[in-house]
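Reader: Could you take me on a close look at the charged side chains of this model and how they pair up? I would enjoy one connected walk through that part, with its surroundings.

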Amino acid sequence: MGYGLTTISSSYRDAQAASGAPQFDQDEGYLEVYYRFVASGDGETQGVALSPDVQYITNPGGDGSLDPITVYGARV
């Protein structure tokens with residue numbers, strides 16, 4: 001599990017407001033949960049490992065007017 005935050009500086013926020021695009025002035029947050037399952041072999045140098053992944057993103061693209069999004073993925 002991990003969490004990340006992309007923060008917007010005050011000078012960038014001021015520039016966005018001056019350009020007429022103030023909706024892109026919010027901090028973007030990321031929450032990711034994944035699990036690694038080794039199906040065969042050692043999962044490092046031989047065999048198969050599966051990793052389902054879910055990401056939850058708030059203020060996507062720095063746009064506070066958008067709803068949070070959820071991204072599902074899998075790695076093999």
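Author: Happy to; what follows goes from the salt bridges to a charged residue without one, and then to the surface. Please keep in mind that this is a predicted model.

Let us start with the charges. Side chains of opposite charge can pair when their charged atoms come close. A search of the whole structure turns up 4 salt bridges. Three residues, Glu-32, Asp-53 and Arg-75, are linked in a network of such bridges, and Arg-75 takes part in both of the contacts described next.

With Glu-32, the side chain of Arg-75 meets at 3.4 Å, N to O. Arg-75 belongs to strand β5 and Glu-32 to strand β2, so this pair ties together parts that are 43 residues apart in sequence. With Asp-53, the side chain of Arg-75 meets at 3.7 Å, again N to O. Here the link runs from strand β5, where Arg-75 lies, to strand β4, home of Asp-53, and the two residues are 22 apart along the chain.

How exposed or buried are the members of this network? Arg-75 has 42% relative accessibility and therefore counts as partly exposed. Glu-32 is partly exposed too, with a relative accessible area of 26%. Asp-53, in contrast, is buried, because its relative accessible area of 8% falls under the 20% cut-off.

Another salt bridge joins Arg-13 to Asp-27, with the closest N and O atoms 3.8 Å apart. Arg-13 sits in helix α1 (residues 10–19) and Asp-27 in the loop between α1 and β2, so the pair ties together parts that are 14 residues apart in sequence. Both partners count as partly exposed: Arg-13 has 30% relative accessibility, and Asp-27 has a relative accessible area of 27%.

Now for a charged residue that stays unpaired. Glu-28, placed in strand β2, is buried yet has no salt bridge. Which side chain of opposite charge is nearest to Glu-28, and how far away is it? That side chain belongs to Arg-13, and it is 12 Å away. What Glu-28 does have is a backbone partner: a polar atom of the Glu-28 side chain lies 2.5 Å from the backbone nitrogen of Gly-61. Leaving aside residues up to four places away in sequence, Glu-28 touches Gly-4, Leu-5 and Thr-6, and also the run Ile-57, Thr-58, Asn-59, Pro-60, Gly-61 and Gly-62.

A little further along the chain comes Ser-65, in the loop between β4 (47–58) and β5 (69–75). Ser-65 is exposed, its relative accessible area being 59%. Its side chain makes a polar contact of 2.6 Å with the side chain of Asp-63. The C-alpha atoms of Ser-65 and Gln-26 are separated by 9.2 Å, although these residues are 39 apart along the chain.

Finally, the surface also has a nonpolar side. Met-1, Tyr-3, Leu-5, Leu-31, Val-33 and Tyr-56 make a nonpolar patch of about 660 Å². Two strands, β1 (2–6) and β2 (28–34), each supply at least two residues of that patch. Met-1 comes from the segment before β1 and, with 79% relative accessibility, counts as exposed. Leu-5 returns here as a patch member, having already appeared among the residues that Glu-28 touches.

To bring the strands back together: β2 holds Glu-32 of the salt-bridge network and the buried, unpaired Glu-28, and β2 also supplies residues to the nonpolar patch.

Terms used:
Residues are numbered from 1 along each chain as its sequence is written. This is a predicted model: local features need pLDDT of at least 70, side-chain atom pairs count only at pLDDT 80 or more; totals for chains, interfaces and linings use all residues. Side-chain values use heavy atoms; hydrogens and water are left out. Patches are made of residues with over 30% relative accessible area and no salt bridge: like charges are joined within 9 Å, nonpolar side chains (Val, Leu, Ile, Met, Phe, Trp, Tyr) within 5 Å. Accessible areas come from the Shrake-Rupley method with a 1.4 Å probe; for residues, only the protein chains shown count as cover. Helices (H or I, at least four residues) and strands (E, at least two) are DSSP runs, numbered from the N terminus. Buried means under 20% relative accessible area, exposed over 50%, partly exposed in between (1.4 Å probe, protein chains only). A polar contact is a pair of N or O atoms within 3.5 Å; within protein, one must be able to donate a hydrogen and the other to accept it, and residues adjacent in sequence count only if both atoms are side-chain atoms. Lys and Arg count as positive and Asp and Glu as negative; His and the chain ends are not counted. Contact means heavy atoms within 4.5 Å.
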